[in-house]
Amino acid sequence: MFHASAPLSALDALYDIEALRTLESRAAAVLEDAYEPMRRAGQAAWRESLRHWPEAQRLLVVCGPGNNGGDGYMFARHAHQSGRRVSLMQWSDQPPRSPLARRACDEYLAAGGSLAPFVAPLPEVDLVVDALFGIGLARAPEPPAVALIDAINGQSAPVLALDVPSGVDANRGATPGAAVVATRTLEFIARKAGLRTGAAIDHAGVLAVADLALPAAVFTGVSPFAEALSSDDLARWLRPRRRDSHKGHHGRVLCVGGDHGHGGAIVLATEAALRSGAGLVDVVTRALHVPALLARVPEAMAHAIADDATRLPDALVEAASVIAIGP
């Protein structure tokens, strides 16, 4: 069974491309068949489409020449065998290059499927499956691929991206050129760091992870690149406060800034310090900004500084737990 979640040991772990390559290699070794992860990915993607678009009968699958395209061929075979009307387009009429993708393509054709080159406009369908590029693309797509990506983004059907929306850098979340805007993205094996930051946030849509039923040992010793945090995770660092506590128990922040013409920045920094839990906040700024600061944040302790001042008051510096300079 393929679960739409990462293994329990990796629920919050985000991986970069180097680590993902290691996980892919380990998965093939553990399963004793390099083709098995692709087979499971295609089946997981098919089940994802049935879960969210069960009524879709006309499907367009766009396959690139690499292993991401192989995942697309596997998906297309399941869709074809279920009786759906499948249109499968190859990027720039390029056949699959990797042995695994070629095998997946051959199985799709042997099941009665057919191929077609990209021709604009795209046919009217109920769902588009993006299997054009995977985690390896970190540069702008070439012009033929740009035309296909633009066509995908220009049609009205929902888009399911396999592993990564094509054109998105899975490491940095950047889009160096054209990139697919997906309705949903089904990641394989593990969560990608790049899909949760930068431009990728507006391209990936709703994220889900298919762990491909891999054993936890696959992840052992492979360090995540980052960790996904939510508000619930704050309890790990922020202990509940005593009911009889007061502002003197929770640190003192000294905010320094707000040059002429930039008074709003120090006001925002002061508000942020107080809202994040600082007990006391001193503010050193230009005298011109003090009235506006106190009108907006009356709990701040404002200290005007002369235009020709060369140092901060020693008493404020010594009392501070944290000093924020520059806004």
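## How α2 and α3 cross

Helices α2 and α3 cross in a right-handed way. Keep in mind that this is a predicted model. The two axes sit 8 Å apart, and the helices pack at about 55°. That angle is neither under 35 degrees nor in the 65 to 115 range, so α2 and α3 count as oblique to each other.

Who does the touching here? On the α2 side you'll find Met-38, Arg-39, Ala-41, Gly-42, Gln-43, Ala-45, Trp-46 and Ser-49, while α3 brings Asn-67, Gly-70, Asp-71, Met-74, Phe-75, His-78 and Ala-79. Sorted by class, this contact has 7 nonpolar, 6 polar and 2 charged residues.

## α3 meets α4

Now follow α3, which covers residues 67-81, over to α4, residues 99-110. Their axes come within 8 Å and cross at roughly 15°. Angles under 35 degrees count as roughly parallel, so that is the label for α3 and α4. As for handedness, α3 passes α4 in a left-handed crossing.

From α3, the residues in this contact are Asn-67, Gly-70, Tyr-73, Met-74, Ala-76, Arg-77 and His-80. Their partners in α4 are Leu-100, Ala-101, Ala-104, Cys-105, Glu-107 and Tyr-108. By class, the contact splits into 8 nonpolar, 3 polar and 2 charged residues. Some α3 residues turn up twice in this story: Asn-67, Gly-70 and Met-74 belong to the contact with α4 and also to the contact with α2.

## α1, α2 and the loop between them

At what angle do the axes of α1 and α2 cross? They cross at roughly 105° and come within 8 Å. Since 65 to 115 degrees counts as roughly perpendicular, α1 and α2 are therefore described that way.

In this contact, Ala-27, Ala-28 and Leu-31 of α1 meet Glu-36, Pro-37 and Arg-40 of α2. The class count is 4 nonpolar, no polar and 2 charged. The loop between α1 and α2 is where you'll spot Glu-32. This residue has a positive phi of about 55°, although it isn't a glycine.

## The largest pocket

Next, the empty space. The largest pocket has a volume of about 720 Å³. It is lined by 31 residues, and the ones closest to its centre are Arg-21, Glu-24, Gly-66, Asn-67 and Asn-68. Asn-67 is a familiar name by now, as it's also in the α3 contact with α2.

Which helix gives the largest share of the lining? That would be α1, with 5 residues. Helices α1 (17-31), α2 (36-52) and α3 each supply at least two lining residues. In terms of class, the lining of this pocket is made up of 17 nonpolar, 6 polar and 8 charged residues.

## A cis peptide bond

One last detail is in the backbone. Going from Ala-120 to Pro-121, is the peptide bond cis or trans? The bond is cis, with omega near -5°. To find Pro-121, look in the loop between strands β4 (116-117) and β5 (127-131).

Key. Residues are numbered from 1 along each chain as its sequence is written. This is a predicted model: local features need pLDDT of at least 70, side-chain atom pairs count only at pLDDT 80 or more; totals for chains, interfaces and linings use all residues. Side-chain values use heavy atoms; hydrogens and water are left out. Axes are lines fitted to C-alpha atoms, for helices over the stretch in contact, and angles run from 0 to 180 degrees between N-to-C directions. Helices (H or I, at least four residues) and strands (E, at least two) are DSSP runs, numbered from the N terminus. Angles under 35 degrees count as roughly parallel, over 145 as roughly antiparallel, 65 to 115 as roughly perpendicular and the rest as oblique. A crossing is left-handed if the near helix is turned anticlockwise from the far one by less than a right angle, and right-handed if clockwise. Contact means heavy atoms within 4.5 Å. Ala, Val, Leu, Ile, Met, Phe, Trp, Tyr, Cys and Pro count as nonpolar, Asp, Glu, Lys and Arg as charged, and the others, Gly among them, as polar. On a 1 Å grid over the protein atoms alone, a cavity is a set of points where a 1.4 Å probe fits but cannot get out, and a pocket is an open set with protein on both sides within 12 Å along at least five of seven lines; lining residues have an atom within 4 Å of a point. Grid points are joined across faces, edges and corners, and a volume is the space filled by probe spheres set on the points.
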